[in-house]
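Got your viewer open? Load the model below and keep the selection box handy, then follow the stops in order.

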Amino acid sequence: MASSQNPAPEGPAKDEITYMRPVSNCAGCGDTKVSWSVHQGMRLFNRELGLKGKDRYRLIYAADRGCGNLQGYHTYGIVDAILCMGSGAIVGDGIKESCSEKEIVVTASGDGAYNFNISGIKFAAKNKKFGAINVIYNNFNIRMTGGQIPLEVDFDKEGPALGFEIIHVNPYRVDDNAELFKELYPRYLKKEKIMVVADGVCVLDMGKDARNAGVRMGHFKRSEECLNLQFAKERERVAREEPEKLKDLPRFKCRLCGIGLRCHALLDNDISICYGCGSCAQFPCPQDALSFEGISFSTSVSIPELTKI
Amino acid sequence: MENATFDLGRMRLSGNHAIARGTLEAGVRVTSAYPGAPISDLQGSFEQLAGNIPKTNAFTIKVGEVLDQTGYQLAAHWGTTTNEDNSVALALGAVIGKADFKKREFLTKKEWDLVYGETVFAKDEEKRIPVGSRVMTSFKHLGGNTAADALRVAVNVVPYTGGLGIASGDDRQGTSSQTMQDNKVLYAFHFRIPTLELHSPSTAHTTVKNCYRLFEELGVPFVVIMNYDLSYREDSVDTVMELDMEANHRLKGFTRDPKHLVTIGPHIRPREIKFHSKLIPLFKKKVMENFEFLGNKVTEYGAQPKAVVVVNGPFREDFRLVDDDPALKERLLNKYGDVVVIESDLVFPQPGALYEDLVSKFPIEKIFVFEEGYGRVIYLQLLDIINRRGLDVKVLDCSIPYEPRIYERFSYIDHIVNV
């Protein structure tokens, strides 16, 4: 209620202003790359069958609310439906009831939402009328979503228990994954139940693949502000073994980027062990001391670059 | 495809069976539910009719024969949906696919623009209604709490949720539930979707069928609520049953419209504003225009009424006795004098124009509201209407906040007409 201390606004309240921010995945995340492969796989599937125009199979991508799928919508526009949290799988099964025989429904969620989705996934497994392809973005390695809480899922045990065959993929192998989905769609039509687990980014694999493809990886560079990286390890040791001495140590500027990113290249100050995960590319160094040069395999806009490999 | 008409034969149906009948008459193709008293029988009937379990009663045996003969398409998911939230989520998935069209029946071109003008169907020159499978989902009153997340999303993807019916079995006395609850509050005030409390197994099917026709076109899901007693109690019914086979055999398919179906902030914020500021007023207008079509009735007793009596749900059911009993009618007139009685299944939204018309036409001084449940949903809406429109009328709450247990059931008519 308005009072002398709290006067009523003179004019009508202004609408909420929402500032657009660039949409991107966390460093190292490969989620949207899988959704791209899902669609590319459908193109290959139709091409292989020689189907054109209205005869083609169409993909309906029903997703859960999560960063990978939201990015899939924002950046590539390949998501058809995101309704409530933890409902991608069951909404997908509802869509199957009302879609045509020429439409294939793929459902997707992160590993955290997988735990919400279990009942829907179980329903999909028990549903004898339709096949199921359920994609799980297993972000545990990069500590996103399900990884935020220590709730690692053993998909190799849980998937078969629910009634699914489990296939693990590396999200960065986009072409291989497109070939895989091309092979999965006929199995969907045969009412098979398949869960594709896109495991968290593996920088070692990425670096190897990229180098094999002749891609010159990007690398971080430091300004003079970025001092004495080796000291991070010493500080960690002191904190662990002699915590009473920790207060005597001088502040270390790059503690966050070295330890927070779990980057050995930064911690050891050794650029030769950089695998180009791109984490540092997205790290907001308060001193502007760290920057990234070259191709990053972590940023979501890298698919066009990947497809050129 | 022509509608299938057949004679059900002499039969008494429970409230649950009556809703099932209305659902089938509307041509519903997909049903989902999570069982719980008193609503389990509804989906139980669909399970039997879909062939998932054996047919065990006269209603499903008789209707099942006709469904088989006519090629009626029915998918039923009960038990496999592990909770009410999943039940609604499955229903949402089934209802958002719009690959077919039907002609406008209730909307003007201008109103169509308001409802569908921002969808991918906006360029349709004939301004037809995009339609797909009609869907019914059901659960008991407490299930509404579990399903709240999915139900709220159903509002955000309007008009793609047109064709979705929700049946809520209310156990307001906790007869077979751990908690008493008046779900009219949930659906009317929280979700703000059209909500009706069905008053009789003998008329429920018609109301359900007509709700599908009207609210599908408006693009909004609707809720029918039935209390514990009426869900189980049987009543004689109209024997002629007509299945909407055209609705049941619509084209299947999914039309992409991620700006509506991907529920992210930038998409839902303007839609939420539109829902409250433009669509709900439209719903009020349309329910006013189709007040009797939705099973409501306005009756004047006497030439110069000074009072309006609103009877809803089981109060309405018991009020029917007045038409057959002159003594009760005399008691009614003794208590209120000349009176307008609004027999209403409609809970939300209440048509303000109806009350304004009555107040301008007659010297109305008081409005008495008889509704069951602690929510006082109609009473509070009428207070709002009276205040906003500046009407010089008193609104009196005459509700009973709970439902008498089924074995203690007494007629509400004395509560209405006693002096």
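**Stop 1: the sheet in chain B**

Start by picking B:Lys366 and B:Lys394: the two stand opposite each other, with B:Lys394 sitting in strand 18 of chain B. Bear in mind as you look around that this is a predicted model. Now widen the selection to residues 366-370, which is strand 17 of chain B, and add strand 18. The two strands run parallel, joined by four bridges.

Next, bring up the whole sheet. It is an open one of five strands in chain B, in the order 13-15-14-17-18, and the pairing is mixed. Where does the sheet end on either side? Look at the edge strands, strand 13 (297-301) and strand 18 (394-397) of chain B, each of which pairs on one side only. From one strand to the next, the twist averages 20 degrees.

Then select residues 377-389 of chain B to show helix 18, which packs on this sheet. Helix 18 touches strand 14 (307-312), strand 17 and strand 18 of chain B, and its direction makes about 170 degrees with that of strand 18.

**Stop 2: two helices in chain B**

Move to residues 84-95 and 148-156 of chain B, helix 4 and helix 7. Their axes come within 7 Å and cross at roughly 25 degrees, so helix 4 is roughly parallel to helix 7. Show side chains here: from helix 4 you get B:Asp85, B:Val88, B:Ala89 and B:Leu92, and they meet a helix 7 group that includes B:Leu151 and B:Val153. The residues of this contact divide into seven nonpolar, two charged and no polar.

**Stop 3: where the chains touch**

Turn chain A on as well. Across the contact, 32 residues of chain B meet 30 residues of chain A. On the chain B side, helix 4, helix 7, helix 12 (258-261) and helix 13 (265-289) each supply at least two residues. Which helix gives the most to that side? Helix 4 of chain B does, with seven residues. By class, the chain B side has 17 nonpolar, twelve polar and three charged residues.

**Stop 4: inside chain A**

Finish by centring on A:Val135, in strand 4 (residues 132-138) of chain A. Is A:Val135 buried or exposed? A:Val135 counts as buried, because it has 31 C-beta neighbours inside 10 Å. Beyond its neighbours within four places in sequence, A:Val135 is in contact with A:Val34, A:Val38, A:Val106, A:Ala108, A:Val196 and A:Ala198. For one last distance, go C-alpha to C-alpha from A:Val135 to A:Gly110: they are 8.2 Å apart in space and 25 residues apart in sequence.

Definitions and conventions. Residues numbered from 1 in each chain as written. Chains lettered and ligands numbered in written order. Predicted model: local features only at pLDDT ≥ 70, side-chain atom pairs only at ≥ 80, totals over all residues. Axes fitted to C-alpha atoms, helices over the stretch in contact; angles between N-to-C directions. Parallel < 35°, antiparallel > 145°, perpendicular 65-115°, else oblique. Contact = placed C-beta atoms within 7 Å. Nonpolar A, V, L, I, M, F, W, Y, C, P; charged D, E, K, R; others polar. Buried ≥ 20, exposed ≤ 12 C-beta atoms within 10 Å, placed from the backbone. Pairing = 2+ DSSP bridges.
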